[in-house]
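Thanks for making time this morning. Please have the sequence and the model open while I talk.

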Amino acid sequence: MAGVEIKRKIRISRKEAGARLIELGKALTAAPEAELELDGDSIKFTVADDLAWEFELEVDGNEVELEIELKWSQAPVASPAPDPAPPARRARNSHRGNTG
């Protein structure tokens with residue numbers, strides 16, 4: 001989905017906002033492939049297991065703004081490299097110093 005942006009700004013009731021957040025939550029927890037209905041359109045996208053979450057509440061006079069932002073990478077996750085073998089232990093020498 002590189003270069004795709006979908007924005008919608010509409011006025012809705014508090015209850016409808018809650019229902020939309022619940023729908024989003026269900027889509028996120030169901031599977032990596034999420035599908036949402038948004039004002040008559042169906043939007044499908046894949047969500048990574050590891051997300052960055054940002055919550056912001058801003059009050060400016062009589063206006064209150066709440067933003068929730070989820071961000072993730074679509075880049076393939078590399079498998080972690082196996083741990084290297086521990087260094088070989090040096091054999092202990094039973095003779096300490098020269099006796100000659």
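I will go through the fold, the pocket, the salt bridges and the surface patch.

First, a reminder: this is a predicted model. The protein chain has one helix and four strands. Along the sequence the pattern reads α-β-β-β-β. The helix, α1, covers 14–30. Strand β1 is 33–38 and β2 is 41–46. Strand β3 is 52–60, and β4 is 63–71. How much of the chain is buried? Of its 100 residues, 6% count as buried.

Now the pocket. The largest pocket holds about 2200 Å³ of space. Its lining is made of 38 residues. Which of them lie nearest the centre? Those are Ile6, Arg8, Leu24, Leu38 and Ile68. Look at where the lining comes from. Helix α1 supplies at least two residues, and so do β1, β2 and β4. What about chemistry? The lining has 19 nonpolar residues, five polar ones and 14 charged ones.

Take Leu24, one of the residues nearest the pocket centre. Leu24 sits in helix α1. Is it buried, exposed or in between? Leu24 counts as partly exposed, because its relative accessibility is 28%, and partly exposed runs between under 20% for buried and over 50% for exposed. One distance to note here: Leu24 and Glu37 are 13 residues apart in sequence. In space, their C-alpha atoms are 9.5 Å apart.

Next, the salt bridges. How many does the whole structure have? The search finds four. I will show three, including one that involves a residue from the pocket centre.

That one is Arg8 with Asp41. The closest N and O atoms are 2.5 Å apart. Why pick this pair? Arg8 lies in the segment before α1 and Asp41 lies in strand β2, so the bridge ties together parts that are 33 residues apart in sequence. Both ends are partly exposed: Arg8 at 39% relative accessibility, Asp41 at 34%. And remember that Arg8 is also among the residues nearest the centre of the largest pocket.

The second bridge stays inside the helix. Arg20 pairs with Glu16, at 3.0 Å from N to O. The two are four residues apart in α1, so about one helical turn separates them. Arg20 is partly exposed, with a relative accessible area of 28%. Glu16 is partly exposed too, at 35%.

The third joins Lys7 and Glu5. Here the closest N and O atoms are 4.0 Å apart. Both Lys7 and Glu5 are exposed.

Last, the surface. Which residues make up the nonpolar patch? They are Leu21, Trp53, Phe55, Leu57, Val59, Val64, Leu66 and Ile68. Together they have about 850 Å² of accessible area. Strands β3 and β4 each give at least two residues. Which element gives the most? That is β3, with four residues. Val59 is found in β3. It is exposed, with a relative accessible area of 57%. Note Ile68 as well. Ile68 belongs to the patch, and Ile68 is also one of the residues nearest the pocket centre.

To recap. The chain has one helix and four strands. The largest pocket has 38 lining residues. Arg8 and Asp41 bridge parts 33 residues apart in sequence. The nonpolar patch draws most on β3. That is my tour.

Methods: Residues are numbered from 1 along each chain as its sequence is written. This is a predicted model: local features need pLDDT of at least 70, side-chain atom pairs count only at pLDDT 80 or more; totals for chains, interfaces and linings use all residues. Side-chain values use heavy atoms; hydrogens and water are left out. On a 1 Å grid over the protein atoms alone, a cavity is a set of points where a 1.4 Å probe fits but cannot get out, and a pocket is an open set with protein on both sides within 12 Å along at least five of seven lines; lining residues have an atom within 4 Å of a point. Grid points are joined across faces, edges and corners, and a volume is the space filled by probe spheres set on the points. Ala, Val, Leu, Ile, Met, Phe, Trp, Tyr, Cys and Pro count as nonpolar, Asp, Glu, Lys and Arg as charged, and the others, Gly among them, as polar. Patches are made of residues with over 30% relative accessible area and no salt bridge: like charges are joined within 9 Å, nonpolar side chains (Val, Leu, Ile, Met, Phe, Trp, Tyr) within 5 Å. Accessible areas come from the Shrake-Rupley method with a 1.4 Å probe; for residues, only the protein chains shown count as cover. A salt bridge is a side-chain nitrogen of Lys or Arg within 4 Å of a carboxyl oxygen of Asp or Glu. Buried means under 20% relative accessible area, exposed over 50%, partly exposed in between (1.4 Å probe, protein chains only).
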